[in-house]
Amino acid sequence: MGLFNATHPAFFLLTGIPGLESSHSWLAGPLCVMYAVALGGNTVILQAVRVEPRLHEPMYYFLSMLSFSDVAMSMATLPTVFRTFCLDAQTITFDACLVQMFLIHSFSMMESGILLAMSFDRYVAICDPLHYATVLTNEVIAGMGLAVTVRSFITLFPLPFLIKRLPICRSNVLSHSYCLHPDMMKLACSDITINSIYGLFVLVSTFGMDLFFISLSYVLILRSVMAIASREERLKALNTCVSHILAVLAFYVPMIGVSTVHRFGKHAPRYIHVLMSNVYLFVPPVLNPLIYSAKTKEIRQAIVRMFHRLKI
């Protein structure tokens with residue numbers, strides 16, 4: 001079978017970090033540590049929420065959804081990143097690349113939706129605490145989780161077909177160690193306007209709207225908190241939001257950086273594009289379990305009790 005058929009290559013060549021190809025074996029160590037922290041940390045949180053009755057509350061159900069999406073995101077990128085940096089095996093078939101692209105973008109959108117759901121949880125807990133238990137029932141939480149998943153699937157379902165319709169004949173070398181829609185469409189030798197417009201539509205209508213409503217929820221939370229007379233109670237209310245705010249920053253700051261570099265930094269060094277994309281995909285799954293373990297006393301205590309029971 002030839003390298004290219006009539007419309008697309010038989011396989012793509014993945015790239016590690018431009019200019020550091022000789023150091024891939026050295027970079028494999030830190031990457032393995034990051035994956036171990038992401039997979040291990042998020043799995044521990046999932047298990048703690050599952051076995052600890054005190055954590056069977058809306059806030060921690062949403063946290064377990066966030067941990068699941070982080071595990072899924074890590075698993076989506078792990079095979080190709082491991083093969084590229086550890087085994088120096090840089091090929092991926094066209095169809096496998098489409099599947100990985102769909103999964104990466106889907107789990108990323110799911111994480112954005114879950115962060116929005118968590119901001120709603122904080123809004124109800126602080127602004128309408130008397131109705132917290134009646135508003136966020138198990139059925140409502142399950143429905144919100146299902147809605148986030150369905151939204152991701154429906155919104156991103158066209159992406160593989162939009163790529164597959166393009167004749168890709170310029171090159172078969174991708175810029176990362178995984179497959180992304182912007183990276184793949186740039187290799188096309190035909191008009192990519194539809195892909196660009198749809199990608200921008202998805203970015204604005206999902207990630208953009210999620211960030212807008214998260215920001216709005218915190219404006220309302222801040223207004224409600226400032227109306228509390230006691231300074232101690234104000235700080236206590238705001239402290240329940242710190243972990244979520246840090247998780248939002250860990251997700252959206254790299255994402256905004258990636259979008260800015262891709263759209264306005266065309267003359268920036270190639271390694272900047274790759275570095276920003278790697279930060280966007282690898283950092284949130286690593287930071288989220290550390291943030292919630294460090295800032296949430298109930299999570300810390302549950303993890304300690306869980307490991308104590310294992311010793312016994």
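The legends below describe close-up views of a predicted model.

**View 1. Two of the annotated transmembrane regions, residues 241-259 and 271-291.** The unreviewed UniProt entry lists "transmembrane region" for residues 26-48, 60-82, 94-120, 140-163, 211-229, 241-259 and 271-291, and this view takes up two of these spans. In the predicted model, residues 241-259 are 95% helix and 0% strand, with the C-alpha atoms at the two ends of the span lying 27 Å apart. Residues 271-291 are 100% helix and 0% strand, and here the end C-alpha atoms are separated by 28 Å.

**View 2. The aromatic pair of Phe-153 and Phe-157, with the cluster to which both rings belong.** Across the whole structure, a search finds 11 aromatic pairs. One of them joins Phe-153 and Phe-157, whose ring centres are 5.4 Å apart and whose planes meet at 40°, an arrangement classed as tilted. Phe-153 has a relative accessible area of 45% and is therefore partly exposed, and Phe-157, at 41% relative accessibility, is likewise counted as partly exposed. Ring pairs also connect these two residues with Phe-102 and Phe-161, giving a cluster made up of Phe-102, Phe-153, Phe-157 and Phe-161.

**View 3. The edge-to-face pair of Tyr-178 and Phe-282.** The ring centres of Tyr-178 and Phe-282 lie 6.1 Å apart, and because their planes stand at 80° the pair is classed as edge-to-face. Tyr-178 is found in the loop between α6 (158-164) and α7 (181-185), whereas Phe-282 belongs to helix α11 (residues 270-295), so the pair ties together parts of the chain that are 104 residues apart in sequence. Tyr-178 counts as buried, with a relative accessibility of 0%, and Phe-282 is also buried, its relative accessible area being 9%.

**View 4. The surroundings of Val-286 in helix α11.** Val-286 lies in helix α11, the helix that also carries Phe-282 of the preceding view. With a relative accessible area of 13%, which is under the 20% limit used for burial, Val-286 is classed as buried. When neighbours within four places in sequence are left aside, the residues in contact with Val-286 are Met-34, Val-37 and Ala-38. Val-44 is included in the view as a further point of reference: Val-286 and Val-44 are separated by 242 residues in sequence, and the distance between them in space, from C-alpha to C-alpha, is 13 Å.

Technical notes
Residues are numbered from 1 along each chain as its sequence is written. This is a predicted model: local features need pLDDT of at least 70, side-chain atom pairs count only at pLDDT 80 or more; totals for chains, interfaces and linings use all residues. Side-chain values use heavy atoms; hydrogens and water are left out. UniProt positions are given in the numbering used here, feature names are shortened, and annotations may be inferred rather than shown by experiment. Helices (H or I, at least four residues) and strands (E, at least two) are DSSP runs, numbered from the N terminus. Rings of Phe, Tyr and Trp (its six-membered ring) pair if their centres lie within 6.5 Å; planes under 30 degrees apart count as stacked, over 60 as edge-to-face and the rest as tilted. Buried means under 20% relative accessible area, exposed over 50%, partly exposed in between (1.4 Å probe, protein chains only). Contact means heavy atoms within 4.5 Å.
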